[in-house]
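Thanks for coming. I have two topics today, a pocket and a pair of cysteines, so please look at the screen.

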Amino acid sequence: MKYPEVLGIDQVLAQLHTFDAIIDARSPVEFAQDHLPGAINAPVLDDEERIRIGTMYKQVSAFDAKKVGAALVARNIAKHIEELWIDKPREWRPLVYCWRGGNRSGAMAHILAKIGWPVVQLEGGYKAFRQEVNTALEQPPALNFKVVCGTTGSGKSRLLETLHAQGAQVLDLEQLAAHRGSVLGHLPSQPQPSQKAFESHIWDVLRRFDPARPVFVEAESKKVGNLRVPAALMDAMRAADCIALTLSRADRVRLLMQDYQHFLGDPALLNGQLEHLTQLHGREKIARWHAMSDAGQMAPLVEELLADHYDPAYLRSIDRNFTRYGQAVPLALDEIDSAAFNAAALQLIATTR
């Protein structure tokens, strides 16, 4: 076999799990927006260098740009070899890709192959991968979704986590989106991924599921924070069988107080988010909620938010958007401890087909 071996996206995806490393040779900014699952970033040109060479290519000449670029690329690849791969054995088999599978990945793959490693280069690069993701997500997944429905604070996310821990197939869109799916759902310690990265995460999870087994997913709106759920997936979820999870109002307040600890110690953060509800509830009510937040009256505030905002919004949307909710399987929780969620998850696994 002559290396580097150049393979198309279908061939690469069929063996993606077999590579010892997946190397993204693009710049850090490109990598941060999205990348192949499991990839590491080893740029042959960093962000500043890429801009510099691109500008030289347009304003000076292609020849001069290639001379300067080649020196930078060689220097950067040498650095990666010394710092990342100098201890790799002869049989180490990496996959290398860049934007279109051209000069950047070609340069790295050539040098790695000359060393003696059986390197593979992705033909078409990230662009081919992105086209594959787009095409796949345009089709409704051939999966048996079970949609967990329930008012805010009823424990849907905890139930999904417990189901996953017990071996069930779970699509947790809020986890993939780094957002809890409501006006207060922003996670201050974790920014949301880009739309492209969100879609790649979804694609990667969906492709691993066994179609013969159910897939549990939470009832979501079309957007999770700033990110859009792919339309074909959304349609499949809305037509799927439902599970109606219920929990007492008092326990829902307790659960939300646990899950939103970051707001308890930072009333200003909470008040900033409540501002987004002004158009719906009016300045007077928002001012009262601000005062409750500032006074540390969090439990009464949470109960009011459930009664006046979240529950009415849920009741307006659930029947309209999830067509099989009227035939939902009921699942009642009487506590919010791990034992209650474990029991509920085992019950679902045993009874859901």
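Three helices each supply at least two residues to the lining of the second largest pocket: α3, which runs 47-59, α4, at 62-85, and α5, at 103-115. Keep in mind that this is a predicted model. Which helix gives the most to that lining? That is α3, with six residues.

In total, 21 residues line the second largest pocket. If you want to find its centre on the screen, look for Leu45, Ile53, Tyr57, Asn103 and Arg104, the lining residues that lie nearest to it. The space in this pocket comes to about 740 Å³. Sorted by class, the lining holds eleven nonpolar residues, six charged ones and four polar ones.

For anyone new to this, a general remark on how such spaces are found. Rolling a probe the size of a water molecule over the atoms shows where empty space is left.

Now the cysteines. A disulfide is a covalent bond between the sulfur atoms of two cysteines. How many disulfides does a search of the whole structure find? The count is zero. Take cysteine 149, which is in no disulfide: the nearest cysteine sulfur belongs to cysteine 242 and is 3.9 Å away. Cysteine 242 is likewise in no disulfide, and its nearest cysteine sulfur is that of cysteine 149. The cut-off for a disulfide is a pair of sulfur atoms within 2.5 Å, so this pair, at 3.9 Å, does not count as one.

Are these two cysteines buried or exposed? Cysteine 149 counts as buried because its relative accessibility is 1%. Cysteine 242 is also buried, with a relative accessible area of 2%.

Key
Residues are numbered from 1 along each chain as its sequence is written. This is a predicted model: local features need pLDDT of at least 70, side-chain atom pairs count only at pLDDT 80 or more; totals for chains, interfaces and linings use all residues. Side-chain values use heavy atoms; hydrogens and water are left out. On a 1 Å grid over the protein atoms alone, a cavity is a set of points where a 1.4 Å probe fits but cannot get out, and a pocket is an open set with protein on both sides within 12 Å along at least five of seven lines; lining residues have an atom within 4 Å of a point. Grid points are joined across faces, edges and corners, and a volume is the space filled by probe spheres set on the points. Helices (H or I, at least four residues) and strands (E, at least two) are DSSP runs, numbered from the N terminus. Ala, Val, Leu, Ile, Met, Phe, Trp, Tyr, Cys and Pro count as nonpolar, Asp, Glu, Lys and Arg as charged, and the others, Gly among them, as polar. Buried means under 20% relative accessible area, exposed over 50%, partly exposed in between (1.4 Å probe, protein chains only).
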